[in-house]
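This report is written for a reader meeting this structure for the first time. It follows a pair of helices and then turns to a few single residues.

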Amino acid sequence: MGFSTNYDDVQDFDIIPKGEYEVIITKIEERTTQNGASGLNLTLVVRNDVEQNCKNRLIFHTLWKRKEPTQADLQVQGYSFKQVMQLAKAVRLPAGKSYETVYKLCDELVGKVMRVTIGHCEYNGKIYEDVKYMAESKFPECKHTFKSAVTADTVAKKTPETFANSGNYGTVDDYEEILSDGDVPF
């Protein structure tokens with residue numbers, strides 16, 4: 001059976017328009033640029049359980065380490081104490097809670113929701129989204145549904161029931177382990 005191309009449901013991935021978006025934090029990683037600047041990179045997903053444009057789109061936001069950190073900034077490993085507290089407040093972390101490091105706080109931020117205001121900025125001649133402001137979500141109860149990606153690893157992780165119900169192909173123990181991309185020499 002064949003098919004025809006149909007672009008009705010295809011999204012364009014132009015720059016996200018300026019405005020407010022309800023988002024969920026999906027990942028926070030510390031990275032260092034080629035120039036040596038360190039930052040906490042936040043990956044945000046525009047929630048699909050709230051009526052808004054750009055559902056499921058990714059927004060990236062970085063909190064940069066200060067070149068000349070204050071005493072308060074040093075408490076959060078050199079990041080702007082004010083920015084870290086704004087982020088913590090936006091996701092409604094309890095006031096007065098203690099953390100050993102900013103990284104422990106980041107662990108608690110993943111999966112939390114907030115509202116961001118997106119603006120645009122220019123860098124090297126291109127226009128990018130820019131998180132201008134973070135605030136508490138107007139919809140704190142999250143029912144966002146994540147899209148699941150199909151990869152070689154997810155296909156390889158079929159349950160024993162899947163194999164048992166698919167015909168006379170033996171048991172799960174009869175199959176050898178499938179290597180991931182990191183296990184092959186090419």
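The model shown here is predicted. A good place to begin is the outward side of helix 2, where Lys82 and Lys89 are exposed. Opposite them are the buried residues of this helix, which spans residues 81-90, namely Val84, Leu87, Ala88 and Ala90. Because these four cover an arc of only 165 degrees around the axis, they fall on the same side of helix 2. The elements against which the buried residues of helix 2 pack are strand 1 (19-32), strand 2 (38-46), strand 3 (58-64), helix 3 (102-109), strand 4 (113-123) and strand 5 (126-135).

Helix 3 can be read in the same manner. Its buried residues are Val102, Leu105, Cys106 and Leu109. Their arc around the axis is only 105 degrees, and they are therefore on the same side of helix 3. Among the elements that cover the buried residues of helix 3 are strand 1, strand 2 and helix 2.

How, then, do helix 2 and helix 3 pack, at what angle and with their axes how far apart? The angle between them is about 25 degrees, and their axes are 11 Å apart. An angle under 35 degrees counts as roughly parallel, so helix 2 is described as roughly parallel to helix 3. The crossing of the two helices is left-handed. Helix 2 contributes Val84, Leu87 and Ala88 to the contact, while helix 3 contributes Val102, Leu105 and Leu109. Sorted by class, this contact of helix 2 with helix 3 consists of 6 nonpolar residues, with no polar and no charged ones. The residues named on the helix 2 side, Val84, Leu87 and Ala88, also appear among the buried residues of that helix, and Val102, Leu105 and Leu109 are likewise among those buried in helix 3.

The backbone around these helices also deserves attention. As a general rule, most residues other than glycine have a negative phi. Against that background, the following table collects three residues with a positive phi.

| Residue | Phi | Place |
|---|---|---|
| Gln77 | about 55 degrees | loop between helix 1 (71-75) and helix 2 |
| Arg92 | near 65 degrees | loop between helix 2 and helix 3 |
| Gly111 | about 95 degrees | just after helix 3 |

Gln77 has its positive phi although it is not a glycine, and Arg92, which follows helix 2, is likewise a residue other than glycine with a positive value. Are these two loop residues buried, partly exposed or exposed? Gln77 has a relative accessible area of 25% and is partly exposed, and Arg92, at 38% relative accessibility, also counts as partly exposed. The cut-offs behind this wording are under 20% for buried and over 50% for exposed, so the 25% of Gln77 falls in between.

A last residue to consider is Cys121, which is placed in strand 4. With a relative accessible area of 28%, Cys121 is partly exposed, whereas Cys106 of helix 3 is buried. Which residues does Cys121 touch, when those up to four places away in sequence are not counted? They are Lys126, Ile127, Tyr128 and Asp130. Further along the chain, Lys132 is 11 residues apart from Cys121, and the C-alpha atoms of the two are separated by 10.0 Å.

Methods: Residues numbered from 1 in each chain as written. Predicted model: local features only at pLDDT ≥ 70, side-chain atom pairs only at ≥ 80, totals over all residues. Heavy atoms only, no water. Buried < 20%, exposed > 50% of the residue type's maximum accessible area, 1.4 Å probe, protein only. Arc of directions from axis to C-beta. Contact = heavy atoms within 4.5 Å. Axes fitted to C-alpha atoms, helices over the stretch in contact; angles between N-to-C directions. Parallel < 35°, antiparallel > 145°, perpendicular 65-115°, else oblique. Left-handed = near helix turned anticlockwise from the far one by under 90°. Nonpolar A, V, L, I, M, F, W, Y, C, P; charged D, E, K, R; others polar.
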